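The following exercises concern a single protein model and are to be worked with the sequence and coordinates at hand. Each task is followed by a stepwise solution.

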Amino acid sequence: MIKTIKQRETGEVILTQGRWCASYLCRLRGLMFRGSISTDEGLIFVHKSPSIVNTTIHMFFMFFPISVVWLDAELQVVDAKFAKPWRPAYAPAKPAVYYIEAHPNFLDRVKVGDVLVFE
């Protein structure tokens, strides 16, 4: 399922091709083994409850850097990081229910405190 991601306050589209990733297999695979990601696509990882541990990512078997944005249950951005390939772990500063992995320039369009909308 493809979602468009917008800033709630401004209505600005910040990602046009967010792929919903709620299944175990989708979360397990993520972006591993891909050669690249386009500037308008990303994965939206979904968990059932807020957690730091369950929303921590690794960058093993990743061949390019990405941006990672963590959101709470109200879709407020609680953390955002630039993640480099082959690093062992990136964890959010606060518990998150969702996180988005996208092209590095995604961090230019979103910041901690923003509230997003999935359409």
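**Exercise 1: A charge and a ring**

Determine which residue lies over the face of W20, and characterise the aromatic pairing of W20.

Step 1. K3 is placed over the face of W20, 5.3 Å from the ring centre; the criterion is NZ of Lys or CZ of Arg within 6 Å of the ring centre and within 35 degrees of the ring normal. The model is predicted, so local features need pLDDT of at least 70 and side-chain atom pairs count only at pLDDT 80 or more, while totals for chains, interfaces and linings use all residues. Residues are numbered from 1 along each chain as its sequence is written, and side-chain values use heavy atoms, with hydrogens and water left out.

Step 2. The structure holds seven aromatic pairs (rings of Phe, Tyr and Trp, the last by its six-membered ring, with centres within 6.5 Å; planes under 30 degrees apart are stacked, over 60 edge-to-face, the rest tilted). One of them joins W20 and Y98, a tilted pair with 6.2 Å centre to centre and 55° between the planes.

Step 3. This pair links distant parts of the chain, with W20 in strand β2 (residues 13-21) and Y98 in strand β6 (residues 96-102), 78 residues apart. Strands (E, at least two residues) are DSSP runs numbered from the N terminus.

Step 4. W20 is partly exposed at 25% relative accessibility, whereas Y98 is buried at 16%; buried means under 20% relative accessible area, exposed over 50%, and partly exposed in between (1.4 Å probe, protein chains only).

Step 5. Ring pairs also connect F60, F61, F63 and W86 into a cluster.

**Exercise 2: The disulfide**

Identify which residues the disulfide joins, and give its handedness.

Step 1. There is one disulfide in the structure, defined as a pair of cysteine sulfur atoms within 2.5 Å. C21 is joined to C26, with an S to S distance of 2.0 Å.

Step 2. The angle about the S-S bond is -125°, and the link of C21 and C26 is left-handed.

Step 3. Both partners are buried: C21 has a relative accessible area of 0%, and C26 one of 14%.

**Exercise 3: The surroundings of D114**

Establish where D114 is placed and which side chain it joins in a polar contact.

Step 1. D114 is located in the loop between β6 and β7 (116-118), and is buried at a relative accessible area of 10%.

Step 2. The side chains of D114 and Q7 share a polar contact of 3.0 Å (N or O atoms within 3.5 Å; within protein, one must be able to donate a hydrogen and the other to accept it, and residues adjacent in sequence count only if both atoms are side-chain atoms). A polar atom of the D114 side chain also lies 3.0 Å from the backbone nitrogen of K111.

Step 3. Beyond residues up to four places away in sequence, D114 touches Q7, L75, Q76, V77 and R109, where contact means heavy atoms within 4.5 Å.

**Exercise 4: The β4 and β5 hairpin**

Describe how β4 and β5 pair, and state what L71 contacts.

Step 1. Strand β4 (residues 66-71) and strand β5 (residues 77-83) pair in the antiparallel sense over six bridges; pairing requires at least two DSSP bridges. S67 stands opposite F82 in β5.

Step 2. Five residues lie between the two strands of this hairpin, and L75 in the turn has a positive phi of about 65°.

Step 3. L71 lies in β4 and is buried at 0% relative accessibility. Apart from neighbours within four places in sequence, the contacts of L71 include V77, V78, Y98 and L116.

Methods. Helix = DSSP H or I, 4+ residues; strand = E, 2+ residues; numbered from the N terminus.
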